[in-house]
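Colleague: I am new to this structure and would like to learn how to read it feature by feature. Could you take me through it, giving the general idea before each case?

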Amino acid sequence: MALRSGWLAPTGQTRVTTRLTAHGATTPANPYASRSGILPGTVDGKSQVGGLWMKSSGPMTATVHAGRAVIQGPNAQGAYPVTLDADTVITFGDGDPLNPRIDLVVLRVYDDEFDSLTRSEAVLEIVKGQPKATPDAPAAPPLSLPLFSVKVKAGASAGTGGIDWVGGASTDLRTTVVGVGGILPVYNNAGVPGSYLGQYQDNDNAHYLQRWDGLGWVAYPKEIGGVAPSGTVSAGTYVGQFRDNYGVIQRWSGTAWVNYQPPVEVETTTTGTTALTGWTVVAFSARRTRGLATVLITVSRNGTTINADSAGNITDEPLCTLPSGWRPAMDYEASACDGFANGGAYISPSGQVNLRTWSPNGALVSGRTVRISATYVL
């Protein structure tokens with residue numbers, strides 16, 4: 001194993017170690033210290049974190065893959081950049097005969113200048129937990145970064161099948177760190193508070209960018225007037241703010257979230273109707289909203305008189321054509337009247353208005369006006 005830590009060895013630091021540990025990754029935890037964590041990145045760029053990944057390599061062994069990290073000590077001690085430059089196999093002790101335990105895999109720094117343990121090095125270390133019927137993970141040692149916890153079942157050994165790797169014995173505990181000002185990928189650290197107003201993190205689990213506003217992580221679109229995603233905003237911060245409340249758009253009134261009702265759009269027109277042979281368009285008015293239209297058409301007869309028989313039958317008489325956008329979605333029967341008699345009109349999806357019936361023995365006399373009214377779905 002070639003685990004290197006910069007500015008740690010009391011006898012000097014090689015140029016290779018200096019280059020490998022020049023991470024430039026210090027997400028502030030306070031004005032004097034940084035977060036501990038793994039530098040993000042993978043070979044193919046398809047995942048957030050690949051460094052220091054652990055994978056089983058035998059019944060009681062696992063391989064920790066190469067990667068880089070920062071381990072922060074107490075404020076005055078500083079942050080230690082650490083690099084594991086080769087995949088490394090670690091071995092777990094056999095299980096207790098009676099009870100399971102949980103071991104902790106950590107990246108740990110020993111610094112004799114501060115801990116007086118007579119060592120100055122960075123190591124991969126397995127912290128063995130206490131066997132219990134319901135085991136707990138042990139506490140991480142000082143100046144260490146937890147990587148994985150591993151449950152070692154009772155009686156586990158190479159000869160009995162070992163650790164239940166396939167059954168999910170290991171839990172990923174790695175967290176991320178980036179250079180100051182960088183957008184931090186959320187990885188096992190979604191609930192860690194921000195360290196400065198305006199810090200950003202990419203919450204891949206929730207699929208949005210977040211900004212630290214001094215009190216909590218807030219979905220970034222809120223700051224630019226966008227719609228806050230479901231579950232991210234409990235109380236609005238300005239009148240007119242919008243949020244998606246699990247499928248229902250709501251607006252903050254200043255005191256409460258109110259289901260948003262968009263303003264009703266209403267359109268009107270008085271032009272665009274074309275008269276057909278024997279008729280003159282005297283007036284036309286129409287109003288539509290939410291896909292429903294009401295029209296009133298007035299036409300005057302300028303051709304010969306049309307007489308209805310005793311049953312009110314006439315040959316379908318074309319009156320006019322409605323403008324595009326104001327025509328019914330399907331065939332529609334409307335009412336018609338000229339003050340002397342009345343009848344039925346047919347409006348087609350093409351917009352043509354035909355008079356189909358008239359009062360028995362009634363007449364459509366030249367100079368009289370016929371009014372047709374209808375309300376239909378566009």
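**Reading the model**

Modeller: Gladly, beginning with the ground rules. This is a predicted model, in which local features need pLDDT of at least 70 and side-chain atom pairs count only at pLDDT 80 or more, while totals for chains, interfaces and linings use all residues. Residues are numbered from 1 along each chain as its sequence is written, and side-chain values use heavy atoms, with hydrogens and water left out.

Colleague: Let me start with the sheets: in what order do the strands β1, β4, β7 and β8 lie?

Modeller: Strands of a sheet pair through backbone hydrogen bonds, either parallel or antiparallel. Strands here are DSSP runs of E with at least two residues, numbered from the N terminus, and two of them pair if DSSP finds at least two bridges between them. In this case the order is β1-β8-β7-β4, an open sheet with antiparallel pairing, and its edge strands, β1 (3-5) and β4 (37-38), each pair on one side only. Between β7 and β8 there are 6 bridges, and V70 stands opposite P81 in β8.

Colleague: And which strands stand at the edges of the sheet that contains β18 and β21?

Modeller: That open sheet has 4 strands, ordered β18-β19-β20-β21, with mixed pairing. β18 (227-228) and β21 are at its edges, each with a single partner strand, so one side of each has no neighbour in the sheet. β18 and β19 run parallel and are joined by 2 bridges, and the bridge partner of V227 in β19 is F242.

Colleague: F242 has an aromatic ring, so to speak; what kind of aromatic pair does F242 form with Y260?

Modeller: Rings of Phe, Tyr and Trp (its six-membered ring) pair if their centres lie within 6.5 Å, and planes under 30 degrees apart count as stacked, over 60 as edge-to-face and the rest as tilted. The whole structure holds 6 aromatic pairs. The one between F242 and Y260 is edge-to-face, with 5.0 Å from centre to centre and 90° between the planes. Since F242 lies in strand β19 (residues 242-245) and Y260 in the loop between β21 (257-259) and β22 (267-269), the pair ties together parts 18 residues apart in sequence. On the usual scale (buried under 20% relative accessible area, exposed over 50%, partly exposed in between, with a 1.4 Å probe and protein chains only), F242 is partly exposed at 22%, and Y260 is partly exposed at 34%.

Colleague: Where, then, is the largest nonpolar core, and which residues have the most contacts inside it?

Modeller: A nonpolar core is a set of buried Ala, Val, Leu, Ile, Met, Phe, Trp, Tyr and Cys residues joined through side-chain atoms within 4.5 Å. The largest here has 32 residues, and M54, F92, L107 and L147 have the most contacts inside it. Among the elements giving two or more residues to this core are β7 (67-72), β8 (79-84) and β10 (101-111), while β12 gives the most, with 5 residues. A second, separate core of 27 residues includes V299, A345, L364 and Y376.

Colleague: Finally, how many disulfides are there?

Modeller: A disulfide is a covalent bond between the sulfur atoms of two cysteines, recognised here when those atoms are within 2.5 Å. The search of the whole structure finds 0. For C320, the nearest cysteine sulfur is that of C337, 16 Å away. C320 is buried at 0% relative accessibility, whereas C337 is partly exposed at 35%.
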